[in-house]
Amino acid sequence: MQRRTRWHRLGRALAACAMAAAASLATVLATGTAAQADGCYTWGRILSSGMTGEDVRQLQIRVSGYPGYGAVLGLDGSYGPATRDAVIRFQQAYGLAADGVAGPQTFNQIYALQDDDCTPVNFSYAEWNRCNGDWSGGAVAASTARFNALVSMWKLQAMRRALGNVPLYISSGFRSYACNNAVGGAASSRHLYGDGVDLTGSPSFCRLAQQARNHGFSNILGPGYPGHNDHTHLGASPSRSWSAPSCGI
């Protein structure tokens, strides 16, 4: 009798393990993300309106270039209406089902767009910082300057997509005070904060300035603004500062 009880208990334990494994597999299949392994960041759940957390903030960084005309997306880890709208625009930009819910298709598209250091595939820390190797000496801590640069890169990635996937050429990114003084930069330049970037080459400077209005840049300076006829400057100033008179801005 005792032997039968032991076997009965063992059978129940095995059955419980099988049920747990099945439930785990069902979760993976439901989210479609738990099985992913990305070198930068891997999402483990579907995200939608009302949710909060670091995974929401990481999503916001990647869709920060889709806030809508004249807007800036907050990186607060809260999936509110602005985040939902930005996700919809991101989904539309890549031909995904535009439902405002970040699920497997959205995450897989992001995975395809980012390198293992979290920068978007078409931009890099090296081209953003030609001043020094450690992001020090600016107006904010080195880690903050580097993070600000990352967010601006994702905004540029969105802008690049909107322009037809054309290359965007960076002539200047992060600057320490020493680097900024050496090139005669403004004392309050956004380059000192890591988020400022100067673009040259093609498309035209006016086209760049005009398009940037849709991608979360609060600081846009271009042709017609003193000292900016040979490039377009983009950044993330605390309040909106747009001036490119020759371009109608």
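1. Before anything else, a term for the sheet: two strands count as paired if DSSP finds at least two bridges between them. With that in hand, take Asp198, whose bridge partner in strand 4 is His233. Strand 2 and strand 4 are joined by 3 bridges and run antiparallel. Keep in mind that what you're looking at is a predicted model.

2. Now the whole sheet. It's an open one, built from 5 strands in the order 1-2-4-3-5, and the pairing is mixed. At the edges sit strand 1 (169–172) and strand 5 (241–243), each of which pairs on one side only. Direction ignored, neighbouring strands are turned by 25° against each other on average.

3. Where does the mix come from? Strand 1 and strand 2 pair in the antiparallel sense, over 3 bridges, and Ile170 has Leu199 in strand 2 as its bridge partner. Strand 3 (residues 219–221) and strand 5, on the other hand, pair in the parallel sense, also over 3 bridges. If you want a spot to click on there, Asn219 stands opposite Ser241 in strand 5. A reminder for when you look at side chains: in a regular strand they alternate between the two faces of the sheet.

4. Two helices to check against the sheet. Helix 6 (residues 142–162) lies across strand 1, strand 2 (197–200) and strand 4 (232–235), and runs at about 25° to strand 2. Helix 8 (residues 205–212) packs on the sheet too, touching strand 2, strand 3 and strand 4, with its direction at about 20° to that of strand 4.

5. Helix 6 also has a helix partner. Helix 2 (residues 54–62) packs with helix 6 at an angle of about 60°, and their axes are 7 Å apart. That angle falls outside the ranges for roughly parallel (under 35 degrees) and roughly perpendicular (65 to 115), so helix 2 and helix 6 are oblique to each other. On the helix 2 side, the contact is made by Arg57, Ile61 and Arg62; they meet Phe147, Val151 and Trp154 in helix 6. By class, this contact has 4 nonpolar, no polar and 2 charged residues.

6. On to pockets, in case you're thinking about grids. What volume does the largest pocket hold? About 290 Å³. It is lined by 17 residues, and the closest to its centre are Ala186, Ser189, His191, Leu221 and His228. The lining of the largest pocket splits into 4 nonpolar, 10 polar and 3 charged residues.

7. The second largest pocket has about 200 Å³ of space. There are 14 residues in its lining, and Leu75, Asn148, Val151, Lys155 and Ala236 are the closest to its centre. For this second largest pocket the class counts are 6 nonpolar, 5 polar and 3 charged. Val151 may ring a bell: it's one of the helix 6 residues in the contact with helix 2.

8. Last, two backbone details worth a look. Most residues other than glycine have a negative phi, and most peptide bonds are trans. Cys118 has a positive phi of about 80° although it is not a glycine; you'll find Cys118 in the loop between helix 4 (104–113) and helix 5 (125–128). And which peptide bond is cis? The one from Ser202 to Pro203, with omega near -5°. Pro203 lies in the loop between strand 2 and helix 8.

How values were computed: Residues are numbered from 1 along each chain as its sequence is written. This is a predicted model: local features need pLDDT of at least 70, side-chain atom pairs count only at pLDDT 80 or more; totals for chains, interfaces and linings use all residues. Side-chain values use heavy atoms; hydrogens and water are left out. Helices (H or I, at least four residues) and strands (E, at least two) are DSSP runs, numbered from the N terminus. Axes are lines fitted to C-alpha atoms, for helices over the stretch in contact, and angles run from 0 to 180 degrees between N-to-C directions. Contact means heavy atoms within 4.5 Å. On a 1 Å grid over the protein atoms alone, a cavity is a set of points where a 1.4 Å probe fits but cannot get out, and a pocket is an open set with protein on both sides within 12 Å along at least five of seven lines; lining residues have an atom within 4 Å of a point. Grid points are joined across faces, edges and corners, and a volume is the space filled by probe spheres set on the points. Ala, Val, Leu, Ile, Met, Phe, Trp, Tyr, Cys and Pro count as nonpolar, Asp, Glu, Lys and Arg as charged, and the others, Gly among them, as polar. Angles under 35 degrees count as roughly parallel, over 145 as roughly antiparallel, 65 to 115 as roughly perpendicular and the rest as oblique.
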